[in-house]
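Here is a quick tour of one protein model, taken a region at a time. Keep the viewer open and follow along.

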Amino acid sequence: MLTLIVLLFVSLASSTDSGYKRYHISTHSTTYTPRSWELTPRSLPHPNIPTDVKPDDYFRFIPHYVGTVLPGQSLSWSSSCFANNNATLSVTSDSISLAVSTLDKQSFFCSSGYLFAYFSSFDIVYFELPDTHGISWSASGLSNAELFDVNTLGVRVFNFSDGVLFSGEELFETVMLFFGGLIGAHVPEWTADDNLQFLADHMNVVMPVRPIQRVNISKSEFKSGDFLGVIRLDGLDPMLAWGMGSHTGHTCITMWIDNELYVCESTTNSAYWPTNGIQKTPFDKWIDQAQAANYNVVHLPLDPEIAKTFNVQKAWDFFNTVEGLPYGFHNLFTGWIDTEEDNYPPPLTSHLVQLLAPFAQWLLFKEMELGQTYDFLTQGLNFRLGNKEMQDLATVYMQAYKQGLPFTKLMTLPEEDSWVYQNTAGTRAGPSMVCDVLVMSMWKAGGIFGNLTDLIEATEFTNWDAYTLNIFDANYKRPAACVEADPDSQFCQLLGKYRMALPGYNTFTPFPHMRQTCPSLPPNYIKPTNC
């Protein structure tokens, strides 16, 4: 979701005209009418390389939720530039009109930036002068569900707290956190350094440099069902780790068949990885690809007694039914969100995520033409409502609200492993699994959870949830090469320039409905033991 927020504001800053919904950015005017159903050119200046943006400014361009303006009511607030602000909303069958008053300016040079949004519109406006500003939208062409959204939930107001210049610089700096690591096969040193600083500032994670960066051990050290934890310092993995409270951004499982060791995983193809979707790769090939991609990789062997109970054939039988399916974008976010607000790293809130979802659907389906595989919420929320026929997202929101399920509660309903998702035409339907969900699902299929198998939903687990399960070998005697590379570590780290640590590793005994109600707020990620 955070990646999509970056895409949102990058597209607002750079996209050309298109024929779908209305996403617009503008400097203030006394009366402002967005052009209906167009993606218009943007007026946000391209920032120079920032000199004053600090590492803790990453993602600060995300606007803060101020409140909601309901029809016939007013909303008042204070901002750093204007001490007194007020907004009123009027909705008719033809138009949606917002009046915003900005008064008592605090500095001659300051400005206030806002995102005004409802289901069908994102509009970014900057106010520089004290005045009453009119913003209007045409209501013609909106569906009943879209009109229900604005009539019932109003226009949501978000404030860019640092103004236009610094918000632009913060967006630029955040993009650069990802840029170097995602455009090529290798992670540049400057990108790794930025990401290390991000992890230290936002998660209190420190990854010291390792003198030995590849450790080769006998394949006999690996069992079917062993866990591989991965983090690549490319912006994406650290961001996922930040959202989950995990010290990994990717996970894999090792499996033997016909005397050959494989690594099974769910991932996407990219500049640094050649294969898309759920896949198996011979270990020797995988470890070379991982090294070339600048992976940091740690090996966690299963507890020997648990490994004896792991039915390898049943795990392979399950894998064979899902191999080739795409990465699990469908439930990437719903599996992570367990609480109404305490899984969103600030300043992100449920209010913005609810409105970001239709934008993501428009961006990925219409603009990028990526297809149904990249449907992040619609199918999963339909399943939560028990819909036998899929409804569009606006209708789902309306239907849920009428059933007493506002978006915040709808998102927290547990994902179910049995749900079957439709993918882009030409791709078969199947379960939706991100990396750790595939690992968990293979453990389930192999019987690791015993009589709890049907009481644990793999799709509700995150990376942290997986490696903190008490199923690993606490008495594992590390090979000499592992000890030489990392004398003080409890793990065998196979790859990477930077030493990994996994706080909470091997801690929690599995229990029914595990990990369905867990908060995950940075930087401490405090969770009840029974969540």
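What follows covers salt bridges, a pocket, a helix and one aspartate in this predicted model.

## Salt bridges

Searching the whole structure turns up 15 salt bridges. Take D284 and K219 to begin with: their side chains meet at 2.8 Å, N to O. This pair ties together distant parts of the chain, since D284 sits in helix α6 (residues 283-292) while K219 belongs to the loop between α4 (189-203) and β11 (227-231), 65 residues apart. How open are these two to the outside? D284 has a relative accessible area of 42%, so it counts as partly exposed, and K219 is also partly exposed, at 31%.

R232 and D234 make another salt bridge, with 3.1 Å between the closest N and O atoms. Are R232 and D234 buried or exposed? Both of them are buried.

Then there is D417 with K444, a salt bridge at 2.7 Å, N to O. Here too distant parts of the chain are linked: D417 lies in the loop between α12 (407-412) and α13 (435-445), K444 lies in helix α13, and 27 residues separate them. D417 is partly exposed at 22% relative accessibility, whereas K444, at 14%, is buried because the cut-off for that label is under 20%. There's also a small network to look up, in which R210, D486 and R499 are joined by salt bridges that share partners.

## The second largest pocket

Next, a pocket. The second largest one has a volume of about 300 Å³. Its lining counts 20 residues, and those closest to the centre are L153, R156, Q354, P406 and F407.

Which elements supply at least two residues each to this lining? They are β3 (64-69), α2 (144-153), α9 (350-367), α11 (393-402) and α12. The biggest contributor is α11, which gives five residues. Sorted by class, the lining holds 13 nonpolar residues, five polar ones and two charged ones.

## Helix α13

Back to α13, the helix that holds K444. It is mostly covered, with 10 of its 11 residues buried. The buried set runs through C435, D436, V437, L438, V439, M440, S441, M442, W443 and K444, so the helix includes a buried lysine at 14% relative accessible area.

What do the buried residues of α13 pack against? On the strand side of the list are β11, β12 (250-257), β13 (260-267) and β14 (277-282), and the helices are α8 (312-322) and α14 (463-467). After α13 comes G447, whose phi is positive, near 90°.

## D149 in α2

One last stop is D149, which is found in helix α2. That helix is among the elements that supply at least two residues of the pocket lining described above. With a relative accessible area of 4%, D149 is buried, because the label applies under 20%.

Who touches D149? If you set aside the neighbours within four places in sequence, D149 is in contact with Y118, F119, G154 and R156. R156 has come up already, as one of the residues closest to the centre of the second largest pocket. As for F119, this residue is 30 residues away from D149 in sequence, yet their C-alpha atoms are 6.4 Å apart in space.

Definitions and conventions
Residues numbered from 1 in each chain as written. Predicted model: local features only at pLDDT ≥ 70, side-chain atom pairs only at ≥ 80, totals over all residues. Heavy atoms only, no water. Salt bridge = Lys/Arg side-chain N within 4 Å of Asp/Glu carboxyl O. Helix = DSSP H or I, 4+ residues; strand = E, 2+ residues; numbered from the N terminus. Buried < 20%, exposed > 50% of the residue type's maximum accessible area, 1.4 Å probe, protein only. 1 Å grid on protein atoms, 1.4 Å probe; cavity = no way out; pocket = protein on both sides within 12 Å on 5 of 7 lines; lining within 4 Å. Points joined across faces, edges and corners; volume = space filled by probe spheres on them. Nonpolar A, V, L, I, M, F, W, Y, C, P; charged D, E, K, R; others polar. Contact = heavy atoms within 4.5 Å.
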